[in-house]
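Colleague: Please take me slowly through one part of this model, explaining each term as you reach it, since I am still learning to read structures.

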Amino acid sequence: MTLRERKRQRTKERIQDEAFRLVQQDGFDATTIESIAEAAEVSPSTVYRYFGTKEGVLLWDELEPPSWEVLQEELEDRAPLDALLATFERVMQFGFHVPDEEMRARVRLIFELPQLRSAFRDALADYEREFAAVITERTDVGRLEARVIAVVAIGTFAAVIEDWALAPDEQPFAAVAAANLAALRDILNAT
């Protein structure tokens, strides 16, 4: 990652951190792009340029950029579904820029607020289409099969995130993700 990319990443993280702080303090409806920008010490146009919407700020996934690179690497040596699962396993090793307890609170907020829950579901559908397109471009798998593979993988990942965030025990995310991906592999290998 270049210096410019690292600076952009840190700016995005600061904007998102402030957005979550403001939503938890003032509520979703009272938090505006302008208030987020002011708290993060950037212009509103920077927030719009990086995220597009308030929901986009709160749903931004800092692990997304490396996941596309990792997926392309994994598709060179693995079948598509196995490549997606290996991608998730590798990307989880990067970790989030905030501690697990803060990430858990953020994910809980996403599932508690109807506006964010709906936007999260829309984002998952976008990821499914994007992953399917990468699979179709990089392999000889057909469009429908690629979409099914992406739906299974993204659906599993979404379920892991939700279960982890809402579970009463506070296990580390990486451990929960690894256990669930291993369980999915076992299920797939049994069929």
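Modeller: A helix here is a DSSP run of H or I with at least four residues, a strand is a run of E with at least two, and both are numbered from the N terminus; the expected span of a helix is 1.5 Å times one less than its number of residues. This is a predicted model, in which local features need a pLDDT of at least 70 and side-chain atom pairs count only at pLDDT 80 or more, whereas totals for chains, interfaces and linings use all residues. Residues are numbered from 1 along each chain as its sequence is written, and side-chain values use heavy atoms, with hydrogens and water left out.

Let us begin with helix α6, which runs over residues 80-92 and has 13 residues. From its first C-alpha to its last α6 reaches 18 Å, close to the 18 Å expected at 1.5 Å a residue. We call a residue buried under 20% relative accessible area, exposed over 50% and partly exposed in between, using a 1.4 Å probe and protein chains only. In α6, 10 of the 13 residues are buried, so this helix is largely enclosed by the rest of the structure. The buried residues of α6 are P80, L81, A83, L84, L85, A86, T87, F88, V91 and M92.

E74, in helix α5 (residues 64-77), leads us back to some of those names. At 9% relative accessibility E74 counts as buried. Leaving aside residues up to four places away in sequence, E74 touches A83, A86, T87 and R90, where contact means heavy atoms within 4.5 Å.

From here we can turn to helix α7, residues 100-112, and to the helices that pack against it. Axes are lines fitted to C-alpha atoms, for helices over the stretch in contact, and angles run from 0 to 180 degrees between N-to-C directions. Angles under 35 degrees count as roughly parallel, over 145 as roughly antiparallel, 65 to 115 as roughly perpendicular and the rest as oblique. Helix α1 (residues 3-26) packs on α7 at about 60 degrees, with the two axes 11 Å apart, and the pair is therefore oblique. The contact is made by Q16, D17, F20, V23 and Q24 of α1 together with A105, R106, L109 and I110 of α7. Sorted by class, this contact has 5 nonpolar, 2 polar and 2 charged residues, where Ala, Val, Leu, Ile, Met, Phe, Trp, Tyr, Cys and Pro count as nonpolar, Asp, Glu, Lys and Arg as charged, and the others, Gly among them, as polar.

R106 deserves a closer look, because with a relative accessible area of 3% it is buried. Not counting residues up to four places away in sequence, R106 touches Q16, D17, F20, H97 and V98.

The axes of α7 and α9 come within 9 Å and cross at roughly 110 degrees, so these two helices are roughly perpendicular to each other. On the α7 side we find D100, M103, R104, V107, R108 and F111, which meet I161, E162, W164, A165 and L166 in α9. By class, the contact of α7 with α9 has 7 nonpolar, no polar and 4 charged residues.

Helix α9 (residues 143-166) is also approached by helix α8 (residues 114-138), for the axes of these two come within 8 Å and cross at roughly 140 degrees. The two helices are therefore oblique to each other. Their contact includes F120, L124 and F131 of α8 and A146, I149 and V151 of α9, and its residues divide into 13 nonpolar, 1 polar and 6 charged. Among the buried residues of α8 are F120, L124, Y127, E128, F131 and I135. V151 of α9, by contrast, counts as partly exposed at 36% relative accessibility.

We can close with V176, which has its place in helix α10 (residues 173-190) and is buried, with a relative accessible area of 11%. V176 touches V160, W164 and Q171, again not counting residues up to four places away in sequence. V176 and D163 are 13 residues apart in sequence and 8.9 Å apart in space, C-alpha to C-alpha.
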